[in-house]
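Biologist: I am new to this structure, and I would like to understand how each statement about it is reached. Could you show it to me before we begin?

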Amino acid sequence: MLKADGVPFEVLDADQCVAAEPGLASAKAKIAGGLRLPGDETGDCFKFTQSLADMARAAGVTFRHGISIDRLEAEGGRIVAVHTSAGRVVADSFVLALGSYSPMLAAPLGIKLPVYPVKGYSITVPVVDADRAPVSTVMDETHKIAITRLGDRIRVGGMAEIAGFDMSLSPKRQATLTHSVEDLFGGAGDQSKAQFWCGLRPMTPDGTPIVGRSPIQNLFLNTGHGTLGWTMAAGSGRVLADIVSGQRTEIAAADLGYARYLRDGRKGQRQGSGAALPA
Amino acid sequence: MGARNHQEIPQERRYLHFNTGLIGVAKMKVVVLGAGVIGVTSAWYLAKAGHEVTVIDRQPAAALETSFANAGEISPGYSSPWAAPGIPVKALKWMFMEHAPLILQPKLDWARLSWMARMLMNCTADAYAVNKSRMVRLAEYSRDCLMDLRAETGISYDERTQGTLQLFRTEKQVARPRRILRC
Ligand SMILES: Cc1cc2nc3c(=O)[nH]c(=O)nc-3n(C[C@H](O)[C@H](O)[C@H](O)COP(=O)(O)OP(=O)(O)OC[C@H]3O[C@@H](n4cnc5c(N)ncnc54)[C@H](O)[C@@H]3O)c2cc1C
């Protein structure tokens, strides 16, 4: 197996692509080749998050749903409470993980998070012919669209639309997704039952998320995961928890935090170096 | 399944989970704002570290916004920034394609313009290399944490561990990753 920067990969010709993904058989003529990354995985992020939330609840975590967060109350260089539609909630530490909406909460505190919403779309269709369906994820490099098998469904996702917080669902975008999957895996799914969706990727300009401390001692950031929030979720959660706990993180994390956006002169002035940040 | 995967992780990628049963961590009351996949994983590991955790979210359940129906890839192999050398030119081309992968709404506000300017500044070869190395480091660690989580909890989520396949329709596309991957 070949490796680039430690990532194993295989370069495939059209026949090998079809061997890896037999559902592509009828589209073989359109394929010039492929690149397979055997170390990658797939899965339903929603199912995962719901299950993990259930397990967290069983482990004692309290979930308060249906409550909107209005602002953070700072006093003496610390956050003392979060103001919500259900009143004021106090705590020792706060973790900001509001995805694309994180900058709004941080801005009044003087923390300028360079996170901007980049809209993407997906359709989810039930599999009707498993032989024609993808086995794992196939990325259509031409349209920048990913086609993924999730149990008895096919998820087709992609596109980058820079349109602020607009959440409208235009049929034109759905047509692009339908076109891509039907072109490669024609007849695999029932398009009449497609569920059309859009979401706002919390993107940073440098692609790396913002995980770790903030200039406020007891406010921690875990946001800006952009196109890869599902890929990076478990690791980001673990790194963040270690930092909150004042433990040494298992991977270097100093350059994953907000400090990288501060000008050199201000880097040393971050408050609350209670926990040793790994170099 | 998790346990088997566990053994597949190359030795150099294993991390010592010496602090999972945290000793000496002051127990705190921690509020996590947001119950997307990021807020929930944060809450999980904070609870495991012994903290008293509350998660707050405006939706009636977890993962109902951006974490709801993404493309489902856990892809350390493709963890690279969008801001890359050559992207500004390609972006222009993408916008005018039929079935365009990139759509830029004409309404331009300050937040959008300054963010896009910062993104352009990250399109140099040097910035790309630094950014990519950070993303890959976190993504690979994350996949390993996920394997551990599966082994530990047996969590299932229509998961598959069969890799991903990037498909090229032209010879030009075939040549590009070869160059990037230096093969
Ligand atoms: C089309 C598409 C395809 C994608 N494909 C992939 C992929 O294949 N692989 C991958 O790794 N990533 C993918 N992503 C990216 C991934 O989905 C995101 O990075 C990830 O879901 C972000 O998680 P989050 O928890 O930060 O945000 P969210 O899931 O949006 O969570 C934020 C939470 O905060 C809550 N909230 C926000 N504001 C407030 C407020 N004021 N008060 C109360 N609650 C609030 C929301 O209700 C929400 O639950 C894709 C994204 C899109 C759009």
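Biologist: What makes the pair formed by a nitrogen atom of the ligand and a polar backbone atom of Glu73(B) a polar contact?

Modeller: The model is predicted, so to speak with care, local features need pLDDT of at least 70 and side-chain atom pairs count only at pLDDT 80 or more, while totals for chains, interfaces and linings use all residues. Residues are numbered from 1 along each chain as its sequence is written, chains are lettered from A and ligands numbered from 1 in the order in which they are written, and side-chain values use heavy atoms, with hydrogens and water left out. The nitrogen atom of the ligand is 2.7 Å from the polar backbone atom of Glu73(B), and a polar contact is a pair of N or O atoms within 3.5 Å (within protein, one must be able to donate a hydrogen and the other to accept it, and residues adjacent in sequence count only if both atoms are side-chain atoms), so this pair qualifies.

Biologist: Which backbone atoms lie 3.3 Å from an oxygen atom of the ligand?

Modeller: One is a polar backbone atom of Val37(B), and another is a backbone N or O atom of Gly72(B). The protein covers 97% of the 1000 Å² of accessible area that the ligand has on its own, by the Shrake-Rupley method with a 1.4 Å probe (for residues, only the protein chains shown count as cover).

Biologist: Why is the ligand said to lie between two domains of chain A?

Modeller: Domain 1 (47–115 + 206–276) and domain 2 (117–203) of chain A both give residues to the shell around the ligand, so the ligand lies between them; the bounds come from an automatic or database domain assignment. The ligand also lies between chains A and B.

Biologist: Why are strands E6 and E8 of chain A called edges?

Modeller: Three strands of chain A form an open, antiparallel sheet in the order E6-E7-E8. E6 (69–75) and E8 (87–90) each have a single partner strand, so one side of each is left without a neighbour in the sheet. Strands (E, at least two residues) and helices (H or I, at least four) are DSSP runs, numbered from the N terminus.

Biologist: How do you know that E6(A) and E7(A) pair?

Modeller: Six bridges join E6(A) to E7 (residues 78–84) of chain A, and two strands pair if DSSP finds at least two bridges between them, so the condition is met. Within E7(A), Ile79(A) is the bridge partner of Ala74(A).

Notes:
Near = heavy atom within 4 Å.
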